[in-house]
Amino acid sequence: MQQSLDQRPIAAWWRKVSIAVLGESLAQSRPTLKLERILTRTGLAGRNNHCLRVRATGACLLSVMAFALAGCWTAPHADVQPKGDARLIQRAIPVVAVKEDATVQSIDVDQRVVVLNFSDGITATVKPGPRVKNFSRIRAGDKAKATVAQQLSVYVLKDGLSPGVDGKLEPVRTDAKVLKIEPAYRLLTLQYPNRQVEVLKVGLDAKLSEMEAGDAVVIETTELLALRVQK
Amino acid sequence: MNSRTAVALSSWRVGTSIGLIWALLLPVAARCQVTPGQAAQIRDGINDRIEALTVLGGDYLLGGGHYQSTGNGRSDRTVDVSKFGGSGEFSDLRQLGDLNIAWRPRVQGNMGTVEWNNLFKVPLLDGDVSHTKAFGIQFGGGARFWFTDEFSVAPTIMGMYGHTTNEYTAKSAFMVANLDEAKQVGLIDWSADTWTLRPSVDFEYKYTWDRTIITLSSDPTYFHTGSLKSSNPNINVVGDSELWNNKLDIDVPLGRMLFGHELRTGGYFERSDLFGNAREGLNTNYINEIHGRLVLDYLNELWLTQWIGLGGSYYWGSNFTGYSFGIDFYLVF
C-alpha cells in the first residue's frame, strides 16, 4: 500500500462500485427486485419459487462484496523500511529449515564438521546431529537435501544499524528480510538477497505481532538434523 | 487442496418423502397398468433421482458415512456415502498483468458412491429390496482471483461422469407376478450413464482476527446433466440442478502443543439450498451442516497437510437429520 488511493485506479474503481452498490441498497426499499426480474426473465428463478431466498441471499452477498472490494490486493515487499526505532525484536527464535539443493563445500570426518552452501546464498558450518547416519560417506561436492536447525534474530535496522548491549548503534549483518507474517499458523516468510523465498514455522513464543515486512533477520545454523545426498 | 473423510454410523430420518419413485409405484402397481401420464411421472421421478444421486455421490454435498433411516413404517432404508476428493489452489500468487489483482490456478476433483437400500414393509411389497447405486467422478478447475488480501473469487468448471444402477429383489407375491412389466417400463433393474457439466463461482472472504481465521464463503453451483446411455428407453436423464452453499468457518488456535504440534479447534455452519432436479430427487429444499473439529496443526511441517484430527457433523434438511464423525484432515498444495 505504498501508493496513495488516488494513484490506484483499480482501488478507486472498486470504491466507486462499492459506493454505488451500497447507495442503491440504501436508496431502494426492495433493491433485489431487479435481480429477481432478471432471474425470472432468464428462467433461473422460475422453478420452485425460490426468489425469496435469492433475494435475501443476493442482498447479503452484494453487501459483503461491496465492503470486501473497497480495498485492493498488493504484492508483499521485503524491501520496505519497517516502522519504529532501530531495535532487536527477538533473539534466537528456533526453526527447522529444509534446504533443497544444498552443496557440501567441505567435510571433516574426524572433527565431525561439514560446511554446506545453501541455494539461498548462506554458507553454514555445522555439526551433524545423532540422526545423521553414514556421515563418513559424505563427500565434498555432493548435492543434498539438508534439514537444519537454525536460530533467527529479528531486528528493526536504521541504515543497517541496531543498538548493541551497551546501547550504542552497531552494524548488523542481514541474512534475509521478513517478507510476510501469518500469525494464525505461525508462519514467517523470509526473502533472501538472491530473491529466494522460504517459509518457516516458528514457535508459540515468537513475537510475530511485533514483526513486519522489511525487518532484518540474522540466521545462525546450529545443527545438521538430516542430510539426503541426491545422486 | 482439502479433503475431509467421515467414517460414521449415522441416522437419517427421511420422513414420508424419500421414496418418490415408490410413492408413485404403489398406485401404479396396484392396478398393474401404466397410463401415459403416470409413465411420464415415473420417468421424471427416476430421472430426477438419477441426477440427484449422481450429484450426491460425485459432488461435495454431504460427507461420507453410513446413514440409517428410522423410517416411517413403510420401509427400512440405509444410505451409504463414500467420498474422496477436494479442491485447492497451487503455485505462488501471481499478479494479473498490471492490475492489483493476484491469481493462481485451482484444481478440483471428487469421486464417490451413494448406495441407497430400501427394504419394503408395506403389505403389497413386503420383503422386497430395492438397491440403487450411483457412482460419480468429476474433475475440473479454474482460477482464484484475489481482489484484496481477504476477498477472492474462484470461477471453476467441472465435468462429471455418473453411473447409476438399480437392482430389485422381488419376494412379495405381487411383485414376483409383475416383475417383467415393472422392468419393461423402466421402474426397476435399470442402469444409466450420465454426464454433468458443473460451472461454479466461489466467493470467499477470509479475515484473521488475532490468530483466529474467520472465513465466509458463498458458492452458487449449476449442474446440467444428460444421458450417455441407459438400459431402458424410458430412462433418459436431461435435467438441471442448482446448489447454493453458504458457509461460515472459524479456525481457532488453542496455543497448546500436543505431540509437538499446536492444537486447533473450530468448525463451520454450512447451508446448501437445493433447486431443480436435486431438490426433486432428494425431496429436500436444503441441507444444513454444523461441523466441529479438534485437530493438530501440521502446516509447513508435513507435506501437503494443514491439519489432522477428529471432526463431526450434524446434518438436517427439510425432512431428515443425520450425523457423522471421523478423521478430519485438510490438505494444501
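## Burial and make-up of chain B

In this predicted model, buried residues account for 44% of the 333 residues of chain B. The secondary structure of chain B comprises 5 helices and 14 strands, and of the contacts in chain B that link residues at least 6 apart in sequence, 67% are between residues at least 24 apart.

## Burial and make-up of chain A

In chain A, which has 231 residues, the buried share is 28%. Chain A contains 3 helices and 10 strands, and the order of these elements from the N terminus is α-α-α-β-β-β-β-β-β-β-β-β-β, with the helices preceding the strands. When contacts in chain A between residues at least 6 apart in sequence are taken together, 69% of them join residues at least 24 apart.

## The open sheet of chain A

Strands of chain A form an open sheet of 8 strands, in which the order is β3-β2-β1-β4-β10-β7-β8-β9 and the pairing is antiparallel. The edges are held by β3 (123-126) and β9 (197-201) of chain A, each of which has a single partner strand, so one side of each is left without a neighbour in the sheet. From one strand to the next, the twist averages 40°. As a general point, strands of a sheet pair through backbone hydrogen bonds, in either a parallel or an antiparallel arrangement.

At the β3 end of this order, strand β2 (residues 113-117) of chain A is joined to β3(A) by 4 bridges, and the two strands run antiparallel. Within this pair, Asn117(A) of β2 stands opposite Thr123(A), which belongs to β3(A).

## Two loop residues with positive phi

Asp159(A) is not a glycine, yet its phi is positive, at about 55°. Asp159(A) sits in the loop that connects β4 (143-156) to β5 (161-163) of chain A. Because Asp159(A) has 9 C-beta neighbours inside 10 Å, and a residue with 12 or fewer is classed as exposed, Asp159(A) counts as exposed.

In chain B, Asn300(B) likewise has a positive phi, near 70°, although it is a residue other than glycine. Asn300(B) lies in the loop between β12 (286-297) and β13 (305-317) of chain B. Here the count of C-beta neighbours inside 10 Å is 20, and because the class of buried residues begins at 20, Asn300(B) counts as buried. The two loop residues thus fall into opposite classes, Asp159(A) being exposed and Asn300(B) being buried.

Notes:
Residues numbered from 1 in each chain as written. Chains lettered and ligands numbered in written order. Predicted model: local features only at pLDDT ≥ 70, side-chain atom pairs only at ≥ 80, totals over all residues. Contact = placed C-beta atoms within 7 Å. Pairing = 2+ DSSP bridges. Axes fitted to C-alpha atoms, helices over the stretch in contact; angles between N-to-C directions.
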